[in-house]
Amino acid sequence: MPPGHDAIQQKYRIVYNLLSKVYGEPQRRRYHPPIDQLVNTILSQQTTGANRQRAFEALKERFPNWESVMNADVAAVREAIRPAGLANQKAPRIQNALRFVMREHGKLSLDFLADRPVQEGKAWLMQITGVGPKTASIILLFTFGLPAFPVDTHVHRVSRRLGLIGTKVTADKAHELLENIVEPDNYYAFHINLIRHGREICHARAPQCQVCMLQEWCDYFQGK
Ligand code: SF4
């Protein structure tokens with residue numbers, strides 16, 4: 001019989017504490033204004049942090065504000081964001097996202113999301129083409145400190161191996177499940193530490209289980 005909610009929550013608490021002991025407890029800092037975060041998260045799809053940053057800086061350098069990005073020739077946006085890769089997809093995606101915000105909200109601002117219930121804010125953001133639960137959750141959590149738990153590829157893989165979620169649960173579905181397991185005050189630190197653990201130890205192809213502090217609590221390691 002699969003473990004119940006209480007057992008999984010107990011496991012999460014142990015995992016949370018072990019990760020925090022080794023990696024510390026990351027504190028949320030305000031990263032970018034919300035529109036910047038929206039553009040940044042689109043740029044970050046399938047690229048490294050360094051390339052995303054180069055593309056974002058090039059965009060800010062080339063255009064005086066987001067309105068001019070929105071109204072620019074798509075080729076000019078594409079040229080500026082080339083360092084992030086997939087510029088052919090990301091340039092129109094960024095412009096469409098900005099146009100959506102302008103059309104639906106009347107100005108290029110997402111500040112109103114700070115006062116909306118999380119699920120409502122997520123649903124609003126997910127109407128934008130190319131914005132799924134991960135991007136929406138990143139904007140709400142990172143920018144506003146709202147209780148949304150983003151699930152990227154590392155969070156998804158490590159959570160499945162540990163048995164916090166089922167092995168067949170998709171990343172999209174994992175958002176809702178992990179939001180019910182993780183304590184909202186810990187969303188940010190747990191998200192950051194799971195990513196770090198996935199990058200440094202629990203690699204996709206060859207997890208370094210022999211040096212992992214979570215062995216005892218890991219379904220994959222325990223052969224469950
Ligand atoms: S024991 Fe292995 S599979 Fe489990 S979390 Fe650690 S590295 Fe990943």
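**Working through a predicted model**

Ser44 sits in the loop that links helix H2 (34–43) to helix H3 (49–62). Keep in mind that this is a predicted model.

**Exercise 1.** Decide whether Ser44 is buried or exposed.

*Solution.* Start with the cut-off: a residue counts as buried if 20 or more other C-beta atoms lie within 10 Å of its own. Now count around Ser44: there are 20 other C-beta atoms within 10 Å, so Ser44 is buried. For a look at what lies across from this loop residue, go to Thr135, 91 residues apart from Ser44 along the chain; their C-alpha atoms are separated by 9.8 Å.

**Exercise 2.** Work out where the largest nonpolar core lies relative to domain 1 and domain 2.

*Solution.* First, find the hubs: among the 54 residues of this core, Ile81, Ile94, Ala97, Leu140 and Leu141 touch the most other members. Next, ask who contributes: helix H8 (residues 133–144) gives the largest share, seven residues. Then check the domains: domain 1 (5–27 + 150–222) and domain 2 (34–144) both supply residues, so the core lies between them. To zoom in on one hub, take Ala97: leaving out residues up to four places away in sequence, Ala97 touches Leu38, Ile42, Ile128, Gly130 and Val131.

**Exercise 3.** Describe the shell around the ligand: which residues are closest, and which helix gives the largest share?

*Solution.* Begin with the count: 14 residues surround the ligand, and Cys202, Cys209, Cys212, Cys218 and Phe221 are the closest. Sort the shell by type and you get 11 nonpolar, two polar and one charged. Finally, trace the helices: H9 (153–162) and H12 (219–222) each supply at least two shell residues, with H9 giving the largest share, three residues.

Note on methods
Residues numbered from 1 in each chain as written. Predicted model: local features only at pLDDT ≥ 70, side-chain atom pairs only at ≥ 80, totals over all residues. Helix = DSSP H or I, 4+ residues; strand = E, 2+ residues; numbered from the N terminus. Domains from an automatic or database assignment. Contact = placed C-beta atoms within 7 Å. Buried ≥ 20, exposed ≤ 12 C-beta atoms within 10 Å, placed from the backbone. Near = placed C-beta within 6 Å. Nonpolar A, V, L, I, M, F, W, Y, C, P; charged D, E, K, R; others polar.
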